[in-house]
Amino acid sequence: MIKLNYRNVNSIVIGSENGLDIDSEFMAYKVVIKRIITDLNQRKDKPSQWLQWMNLGYSEETVWYVKEFASMVENRFDNILVLGIGGSALGGIAITEALLKPYWNYLTKEQRKGFPRIFFMDNIDPDSMNGLIELLDLKKTLVNVITKSGSTAETMSQYMIIKDLMEKELGDDYRKNIVVTTDQKVGVLRQLADQEGYKTFVIPDDVGGRFSVFSAVGLLPFALVGLDIDMIMSGVKDMDLALKNTDIYENIAAQGALIQYLMDIKLGKNISVMMPYSSRLKYVSDWYVQLWAESLGKEYNNNGERVNVGPTPVKALGATDQHSQIQLYNEGPNNKIITFIRVENFDTKLEIPKIFEYTGIGYLGGKTVNDLLNAEADSTRVALTDYSRPTMTISLEKVDEYNLAQLLYMLEVQTAIAGELYNINAFNQPGVEQAKNYTYALMGRAGYEDSANSLQEKLVTI
Ligand code: PA5
């Protein structure tokens, strides 16, 4: 199982001005945490609670259908092109970047063991969209359109462009190159998919975008590129079972949530930095940033009071950002809590040759880059502690399907528990919807005319 070490948030280590008396805090919140975990597990099967993501690890049916489809299309495509944004893309990017062989899309088909390349079109920059379209042979590309709402303008515009091009190139057969992952009933894309006769996968009810990575949203692309989705599900299930433990001393998601919450409300440390020491985990930070920001940044609490809460998540990468952000973290405002992710065993052991022995870099010879990276993680942690900066470390034995799934699921539960501590709804996103609705209005969508008029006025003055 993955581990969490929170020793360096303790006031005994970094002083009472910046640290927490963990023992007394855990004691004080023991009952609250027990109630929160019990409550989440009791509410999870009730409709409209948006907690169905807690059941995804047990969805054997989805795994079965995903595998069946993946084996049906095996060897038919050179590329998978995922169209989606936010929660419909970030989990897929995080897991494929972490688990596929590095530089996957540059490898030959043999090196990829026959599995396709994978691309995520998660933005609408016309130049980069066009660049990708020009790169792909659409005849040999399977397009997976992913959207829970079935109407997000970015994803729908991508879909319309690609569908049009494919139809021109492939004629009626283009339908075989499109697979849709969306809501079972709601949304424009659901209607279109049914009309057009696309193969579809369902995003279950009450699973929000940023909590959807273990539904078909993630599982389908993962299976298509040959990742072991059974191991992913095992990781989710085992972590889910571990996190059902209502004892704060035994539950790492509750520990992480409580520590970050207290750091914010008691000590004003409302910036949450996620810093893996592994390039393969770089995009886990992007996924985490969305999860933490959209879930916890809220204007109103559950009692309807205006609170404007939410810690600000920041992504960083070790060792790269030691040469970019760490100066600020050590000596700037002491308003952050930094979570390191440490990988104990890398797939590769990379030795530094014993050359230049009698020069200033001779000490590196004979060591491994693995040692160097973990030494840098250790020294950064110690330096931050010297400056009385709180840090935690999540340790993964290795980056594989099982451990990565545990990590992501643990962070989802941590977010849900933090939402309860802040007493806000972690599963809605009214601030995102607001901007989406303004976009619809500006782009002339029917039903948004009033909004469009007032927006035009605002645009002149703002
Ligand atoms: O987490 C969320 O709910 C959002 O980030 C959505 O995933 C994002 O806005 C995309 O929405 P949709 O999947 O409906 O296209």
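A pocket, as the word is used here, is an open set of grid points with protein on both sides within 12 Å along at least five of seven lines. In this predicted model, the largest pocket has a volume of about 1400 Å³. Its lining counts 42 residues, and those closest to the centre are E97, P102, Y103, S279 and R280. Several elements pitch in with at least two lining residues each: the helices α4 (90-99), α5 (126-135), α11 (282-296) and α13 (369-386), plus the strand β3 (117-121). Sorted by class, the lining of this largest pocket comes out as 23 nonpolar, 10 polar and 9 charged residues.

Next comes the second largest pocket, which holds about 600 Å³ of space. Here 28 residues form the lining, with T152, Q429, V432, E433 and K436 closest to the centre. At least two lining residues apiece come from β4 (141-147), α6 (153-170), α11 and α15 (430-442). Of these, α15 gives the largest share, 7 residues. Helix α11 thus turns up in the lining of the largest pocket and again in that of the second largest. As for class, the lining of the second largest pocket splits into 8 nonpolar, 14 polar and 6 charged residues.

So much for the pockets themselves; what about the ligand? The ligand sits in the second largest pocket. There are 14 residues around the ligand, and the ones that come nearest are S88, T147, S149, T152 and Q290. T152, then, is on the list of residues nearest the ligand and also on the list of those closest to the centre of the second largest pocket. The shell around the ligand has 9 polar and 4 charged residues, with 1 nonpolar residue making up the rest.

A few polar contacts can be picked out one by one. S149 places a polar side-chain atom 2.7 Å from an oxygen atom of the ligand. For E294, a polar side-chain atom lies 3.1 Å from a ligand oxygen. With G209 the backbone is involved: one of its polar backbone atoms is 3.5 Å from an oxygen atom of the ligand. On its own, the ligand has 380 Å² of accessible area, and the protein covers 93% of that.

Beyond the pockets, the structure also holds 4 cavities of 30 Å³ or more. In the largest cavity there is about 60 Å³ of space. Its lining is made of I37, L40, N41, M54, D240, L243, K244, N251, Y409, V413 and I417. Two or more of these lining residues come from each of α2 (22-43), α9 (229-243) and α14 (401-422). By class, the lining of the largest cavity has 7 nonpolar, 2 polar and 2 charged residues.

Finally, two spots in the backbone deserve a look. Most residues other than glycine have a negative phi, and most peptide bonds are trans. The bond between G318 and A319 is a cis peptide bond, with omega at about 0 degrees. A319 is found in the loop that runs between β10 (312-315) and α12 (326-331). The other spot is N308, which is not a glycine and yet has a positive phi, near 45 degrees. N308 has its place in strand β9, residues 306-309.

Notes: Residues numbered from 1 in each chain as written. Predicted model: local features only at pLDDT ≥ 70, side-chain atom pairs only at ≥ 80, totals over all residues. Heavy atoms only, no water. Near = heavy atom within 4 Å. Polar contact = N/O pair within 3.5 Å; in protein donor to acceptor, adjacent residues only side chain to side chain. Areas by Shrake-Rupley, 256 points an atom, 1.4 Å probe, with all protein chains shown as cover. 1 Å grid on protein atoms, 1.4 Å probe; cavity = no way out; pocket = protein on both sides within 12 Å on 5 of 7 lines; lining within 4 Å. Sits in = over half its atoms within 2 Å of the grid points. Nonpolar A, V, L, I, M, F, W, Y, C, P; charged D, E, K, R; others polar. Points joined across faces, edges and corners; volume = space filled by probe spheres on them. Helix = DSSP H or I, 4+ residues; strand = E, 2+ residues; numbered from the N terminus.
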